[in-house]
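Work through the exercises below with the coordinates open. Each task is followed by a stepwise solution.

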Amino acid sequence: MLLVVSGPFFAQSVFDQFEGIAGVNTVIVDKKMFDLMSKVKLDTSDKETQQYMHLIKNIDNLKVYTTQNSRIALQMRLTTEKYVKSIGLNELLTATEGVKRIQIYAKQCVNETQLKELVLFIEGAKAEDTVLMSITGEFDLNEVPALTDKMKIPGSAELRKIGKK
């Protein structure tokens, strides 16, 4: 007997290997949670809250991994580099701030700001977190900083810079 399953049924990410490892903090939000979050009543009179509400309706998955462990940080960097090459993500930004290295990659849809996937990698210094974030869905790059600000995920400033290009 042969069982063929397509679609997101077995949708595992290459980054799932970092879940449950001592020294790695993890935040994972799936489509069901975003659907619930979109039903929360918020004051949508300001633009950032409007962007946030629109964005969470269009995200399928958000994964954030942080660590200060240099061995794990190296593995995160190598995994990210291999992943972005294997699926052909476009590099949107590479920047260095002191000893911190920031890389943002994306798979674009219809236009430059409409994305199917975004990968952000921030390699921290010894006393700072290394951050790996992956977002999938169909969303606008300009709306992502509203989410990263509300969830206090590093990289909002860099995302704002590339969204305005």
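**Exercise 1: A pair across the chain**

Glu19 and Lys63 form a salt bridge through their side chains, with 3.9 Å from N to O. The model is a predicted one.

Task: Which parts of the chain does this pair link, and is Lys63 buried or exposed?

Solution.
- Step 1. Check the distance. The cut-off is 4 Å between nitrogen and carboxyl oxygen. The pair sits at 3.9 Å, N to O.
- Step 2. Place the residues. Glu19 belongs to the segment before strand E1 (24–30). Lys63 belongs to strand E2 (residues 59–67). They are 44 residues apart, so the pair links distant parts of the chain.- Step 3. Read the accessibility. Buried means under 20%. Lys63 has 8% relative accessibility and counts as buried. Glu19 has 34% and counts as partly exposed.

**Exercise 2: Arg77 and its two partners**

Task: Where do the salt-bridge partners Arg77 and Glu81 lie, and which parts does the pair of Glu123 and Arg77 tie together?

Solution.
- Step 1. Start with Glu81. Its side chain meets that of Arg77 in a salt bridge at 3.4 Å, N to O.
- Step 2. Locate that pair. Arg77 and Glu81 are both in helix H3 (residues 70–87). They are separated by about one helical turn because they are 4 residues apart in the helix.
- Step 3. Turn to Glu123. Its salt bridge with Arg77 has an N to O distance of 3.2 Å. Glu123 lies in strand E5 (residues 114–123) and Arg77 in helix H3, so parts 46 residues apart in sequence are tied together.
- Step 4. Compare exposure. Glu81, at 23% relative accessibility, counts as partly exposed. Glu123, at 21%, also counts as partly exposed.
- Step 5. Add the network. Asp16, Glu19 and Lys63 are joined into one network by salt bridges that share partners. The count for the model is 6 salt bridges.

**Exercise 3: The sheet and its helices**

Task: In what order do the 6 strands form the open sheet, and which helix packs on the sheet, touching E1, E2, E4, E5 and E6?

Solution.
- Step 1. Write the order. The strands run E1-E2-E6-E5-E4-E3, with antiparallel pairing.
- Step 2. Mark the edges. E1 and strand E3 (90–97) each pair on one side only.
- Step 3. Note the twist. From one strand to the next, the average is 10 degrees.
- Step 4. Zoom in on E1 and E2. They pair in the antiparallel sense over 7 bridges. Ile28 has Lys63 in E2 as its bridge partner.
- Step 5. Add the helices. Helix H1 (residues 31–38) lies across E1 and E2, at about 70 degrees to E1. H3 is the helix that packs on the sheet and touches E1, E2, E4, E5 and E6. The direction of H3 makes about 150 degrees with that of E5.

Methods. Residues are numbered from 1 along each chain as its sequence is written. This is a predicted model: local features need pLDDT of at least 70, side-chain atom pairs count only at pLDDT 80 or more; totals for chains, interfaces and linings use all residues. Side-chain values use heavy atoms; hydrogens and water are left out. Helices (H or I, at least four residues) and strands (E, at least two) are DSSP runs, numbered from the N terminus. Buried means under 20% relative accessible area, exposed over 50%, partly exposed in between (1.4 Å probe, protein chains only). Two strands pair if DSSP finds at least two bridges between them. Axes are lines fitted to C-alpha atoms, for helices over the stretch in contact, and angles run from 0 to 180 degrees between N-to-C directions. Contact means heavy atoms within 4.5 Å.
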